[in-house]
Amino acid sequence: MSKQHEITKPKKLLNEQGNIVDPGWSQYLFAKYRREDIKVSKLRIKEWDYYLITNGHIGLALTIADNGYMGMDSFSFLQFDQGWEITKSPMRIMPLGKTGLPNTSVKGDSQIKSKDYFISIKNDGKGKRIIDFQMKNFKRYRDIEGHIVLSDEPDESMVIATPFKKNKHFYYNQKINCMRAEGEVKLGNNSYSFNPKDSFGTLDWGRGVWTYHNTWYWGSASGEVEGVPFGWNIGYGFGDTSAATENLLFYDGKVHKLDQIEFHIPGNEKDFMSPWKFTSNDGRFEMDFVPVLDRSALTDFKILKSDQHQVFGHFSGTAKLDNGKNIKISDFFGFAEKVENKW
């Protein structure tokens with residue numbers, strides 16, 4: 001097994017050269033991100049807040065992203081029982097940081113507004129995240145709008161400070177799982193509700209400077225096992241993970257660190273709707289995965305490219321906590337994805 005370096009004290013994220021001071025993982029945002037410490041052009045800085053809310057039947061995903069030369073604000077509504085989804089991702093030219101995303105996820109608001117849509121995420125640091133959104137003409141001239149409250153944020157999360165092999169390039173990322181979700185989404189004349197008893201929210205908070213061409217793998221799930229909040233974050237391809245991976249389990253508000261996990265995608269990683277497998281080098285995460293919906297999106301301008309397959313479905317298998325306890329699950333809802341970017 002590889003050594004997993006844990007960051008346990010507050011410190012600066014970047015040194016005077018713009019490189020990560022201490023690569024590794026942590027349970028909290030110990031490393032302090034400051035946009036002004038980055039030593040590359042504003043064109044190369046990428047910052048985003050991504051929220052996913054699901055209950056296994058419907059899903060909502062919202063993104064506010066400032067990727068330097070391009071901003072992207074994404075809305076997804078997913079109907080897992082019926083097997084369809086709609087995603088719209090309007091782009092903005094040259095935001096260069098003017099989106100004003102916060103330097104931390106602990107407190108601060110994220111918002112974007114245009115004549116056709118808005119996303120507002122309020123976070124006063126007191127334990128609730130309040131999400132309001134609207135987009136005109138989302139589906140066949142029908143608007144989508146909603147109000148969601150995320151609460152019961154766990155004490156611990158997944159935080160990783162990952163360098164790339166190229167100097168001044170890095171990824172600082174936090175994943176918060178198992179937040180309770182409550183609220184309503186209106187799509188035209190239809191209304192959909194999220195009940196905190198079975199609805200969960202996940203935050204993917206990312207800040208960094210990426211290399212031009214990369215492929216990442218990410219998987220996530222949030223729910224309950226025997227009445228206890230449980231989930232995971234797994235993935236690789238986000239940079240040089242020799243100091244630590246981002247693989248861990250969430251159980252009753254606490255994290256349990258995992259080592260290496262591999263995604264086995266059928267058909268030479270092209271048959272996304274056939275069953276997948278997940279294996280680990282230490283036997284602590286062994287899963288079968290049955291897909292129900294592939295949220296795929298392809299943008300290919302040759303120089304710029306994004307090929308995304310976010311596949312939702314049901315996991316069955318075992319996961320082992322740090323104390324040796326085996327968690328057995330069957331048909332546990334979550335997703336796994338493969339994304340290739342030239343950006």
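Two strands are taken to pair when DSSP finds at least two bridges between them. In this predicted model, strand β17 (residues 213–225) and strand β25 (residues 326–342) satisfy that criterion with nine bridges, in the antiparallel sense. One position illustrates the register. Trp216 has Val339 of β25 as its bridge partner.

The β17–β25 pairing belongs to an open sheet of nine strands. The strand order is β20-β19-β18-β17-β25-β24-β23-β22-β21, and the pairing is antiparallel. Strands β20 (254–257) and β21 (261–264) form the edges, each pairing on one side only. From one strand to the next, the twist averages 20°.

The chain as a whole contains one helix and 25 strands. Its radius of gyration is 19 Å. A compact globule of 343 residues would have a value near 20 Å, so the chain agrees with that expectation. The C-alpha trace spans about 55 × 45 × 45 Å along its principal axes. Of the 343 residues, 56% are buried. Contacts over long sequence distances were also counted. Among contacts between residues at least 6 apart in sequence, 56% join residues at least 24 apart. The exposed surface of the chain comes to about 15100 Å². Carbon and sulfur atoms supply 50% of that area.

Aromatic pairs were then examined. A pair of aromatic rings is described by the distance of the centres and the angle of the planes. The search of the whole structure returned 41 aromatic pairs. One of them joins Phe75 and Tyr117, with ring centres 5.7 Å apart and planes at 80°. Planes over 60 degrees apart count as edge-to-face, so the Phe75–Tyr117 pair falls in that class. Phe75 lies in strand β6 (residues 70–79), and Tyr117 lies in strand β10 (residues 117–123). The pair therefore ties together parts that are 42 residues apart in sequence. Residues under 20% relative accessible area count as buried. Phe75, at 1%, is therefore buried. Tyr117 is also buried, with a relative accessible area of 7%.

A second pair, Tyr217 and Tyr236, is stacked. The centre-to-centre distance is 4.8 Å, and the planes stand 25° apart. Tyr217 lies in strand β17, and Tyr236 lies in strand β18 (residues 228–236). The pair thus links distant parts of the chain, 19 residues apart. Strands β17 and β18 are neighbours in the order of the nine-stranded sheet. Tyr217 has a relative accessible area of 12% and is buried. Tyr236 has a relative accessible area of 23%, so this residue is partly exposed.

A further buried site is centred on Ile144, in strand β12 (residues 142–151). Ile144 has a relative accessibility of 1% and so counts as buried. Residues up to four places away in sequence were set aside in listing the contacts of Ile144. The residues touched are Phe77, Phe133, Gln134, Met135, Phe138, Val185, Lys186 and Leu187. For Phe133, the separation from Ile144 is 11 residues in sequence. In space, the C-alpha atoms of Ile144 and Phe133 are 8.0 Å apart.

Key:
Residues numbered from 1 in each chain as written. Predicted model: local features only at pLDDT ≥ 70, side-chain atom pairs only at ≥ 80, totals over all residues. Heavy atoms only, no water. Helix = DSSP H or I, 4+ residues; strand = E, 2+ residues; numbered from the N terminus. Axes fitted to C-alpha atoms, helices over the stretch in contact; angles between N-to-C directions. Rg over C-alpha atoms; globule rule 2.2 N^0.38 Å. Buried < 20%, exposed > 50% of the residue type's maximum accessible area, 1.4 Å probe, protein only. Contact = heavy atoms within 4.5 Å. Areas by Shrake-Rupley, 256 points an atom, 1.4 Å probe, with all protein chains shown as cover. Phe/Tyr/Trp six-rings, centres within 6.5 Å; stacked < 30°, edge-to-face > 60°.
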